[in-house]
Amino acid sequence: MKIGIDTFGCDHGRSGLGSYLISMCRQLSLNYQDIQFELFGAEIDRYTYASFETEKNPNITFKSVNILEGITPELLWHKFSFNSFAKKQKYDAVIFPAGARIIPDRIKIPSFAIISDVVSSVFEKTRNSFLRKQIIKGLSRVDCLIAASDYIRNDILNLGINPKRIEVVYNGIDHTIFYPQENLGIEQDVVDIKPFAIKKPYIIYASRMQREEKKHVELIKAFTLFKERTGLPHRLVISGSEGPYSDFVHRAAFSSSAASDIFITGYFPHEGFPELYRGAEICAFPSLNEGVGLPVLEAMATGIPVTCSSSGALKEIAGNNALFFDSNDVEQISYCLERLAQDKELRSTLISAGLKWTDRFQWKDTASKTMDIVLSTLKK
């Protein structure tokens with residue numbers, strides 16, 4: 001059996017979707033060696049996922065697709081060339097990890113779309129009617145849509161998709177790297193993650209500066225209030241790639257009375273996040289309309305108390321193990337930061353509960369449940 005896996009739309013590994021694909025490939029290479037998996041996409045992605053295309057993992061290969069980079073040429077290739085490509089490669093099925101972003105509108109072989117985005121939010125951000133039409137047609141024709149949360153599932157239902165064709169499979173987290181810091185005896189004042197040296201204590205927010213709904217500006221305002229009210233030595237560390245909303249974030253940080261305590265790292269390698277989280281005092285995650293919210297789980301798994309938005313899938317993903325706020329209410333965000341910085345009992349409770357909660361999110365389970373859906377569909 002040969003299954004194709006589309007790498008288009010996964011941001012060359014530099015996003016949550018890219019991390020998803022890397023983690024899934026690791027599990028597929030370990031646990032499904034009797035199945036041939038072939039990743040296909042831009043040539044640069046060969047190097048993103050190169051560690052899986054080795055003699056040790058002969059069941060995972062990569063096929064380069066030679067097209068111009070950009071949403072329009074990628075959409076056109078999926079629309080007009082995908083089916084002939086899939087036939088030539090002799091795929092028995094294909095998986096689209098970025099199913100809400102790029103997918104053919106006609107698919108002639110068994111197909112599965114992984115939906116990790118809130119589709120309605122994706123549509124709101126684009127004026128590309130061609131993109132919207134192609135995605136809706138594609139999602140209506142795949143054999144199964146695999147949603148990363150119930151929140152995403154409910155959003156998909158608004159597109160008119162048959163609920164019987166939607167399954168929910170939660171993402172995992174990598175517990176081999178996201179775990180609590182062992183007591184080393186001497187507490188370090190600085191977290192040294194090349195090329196950064198970040199002074200403690202600090203509050204971490206890891207999110208790309210893509211758009212207003214990520215609520216970076218509201219967090220900066222709340223942090224400013226927190227500093228003015230408490231006088232505590234905490235810093236705010238914002239870590240994530242630059243994007244269309246970056247200028248607003250930088251201006252808000254520069255104009256803050258706490259500007260000297262706000263550190264914006266820009267792009268931060270995913271492999272550095274465990275240490276970044278472990279060194280933090282608090283993880284704040286104000287983003288609205290999140291469908292997955294993995295940074296919240298990753299912070300919990302490292303033993304850091306979390307305060308986050310009450311919207312989107314975050315209550316579903318975090319359970320009762322975080323302090324929730326209204327992301328539009330700066331006063332409320334600031335109050336939550338104060339509580340986690342000063343209430344030792346609350347911190348201890350959330351840390352303990354978070355560690356237990358995150359045990360249930362395992363990539364091996366994500367891969368197993370996903371492949372059970374694929375294989376059971378192919379047997380019908």
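This passage describes the central sheet and the cysteines of a predicted model.

The sheet is open and has seven strands. Their order is β3-β2-β1-β4-β5-β6-β7, and the pairing is parallel. Two strands stand at the edges: β3, residues 60-64, and β7, residues 166-168. Each has a single partner strand, so one side of each is left without a neighbour in the sheet. From one strand to the next, the twist averages 25 degrees.

The pairing of edge strand β3 can be followed at residue level. Strand β2 covers residues 36-41 and runs parallel to β3, joined to it by five bridges. Within this part of the structure, glutamate 38 stands opposite threonine 61 of β3.

A helix also packs on the strands. Helix α15, residues 363-379, lies across β1 (2-6), β2, β4 (93-96), β5 (111-115), β6 (144-147) and β7. Relative to β5, helix α15 runs at about 155 degrees.

The cysteines were examined next. A disulfide is a covalent bond between the sulfur atoms of two cysteines. With a cut-off of 2.5 Å between sulfur atoms, the count is zero disulfides. Cysteine 144 is in none; its nearest cysteine sulfur belongs to cysteine 10 and is 18 Å away. Cysteine 144 is also buried, at a relative accessible area of 6%.

Cysteine 336 has its closest cysteine sulfur in cysteine 308. The two sulfurs are 9.2 Å apart, so they are too far from each other for a bond. Cysteine 336 likewise counts as buried, with 4% relative accessibility.

Notes: Residues are numbered from 1 along each chain as its sequence is written. This is a predicted model: local features need pLDDT of at least 70, side-chain atom pairs count only at pLDDT 80 or more; totals for chains, interfaces and linings use all residues. Side-chain values use heavy atoms; hydrogens and water are left out. Buried means under 20% relative accessible area, exposed over 50%, partly exposed in between (1.4 Å probe, protein chains only). Two strands pair if DSSP finds at least two bridges between them. Helices (H or I, at least four residues) and strands (E, at least two) are DSSP runs, numbered from the N terminus. Axes are lines fitted to C-alpha atoms, for helices over the stretch in contact, and angles run from 0 to 180 degrees between N-to-C directions. Contact means heavy atoms within 4.5 Å.
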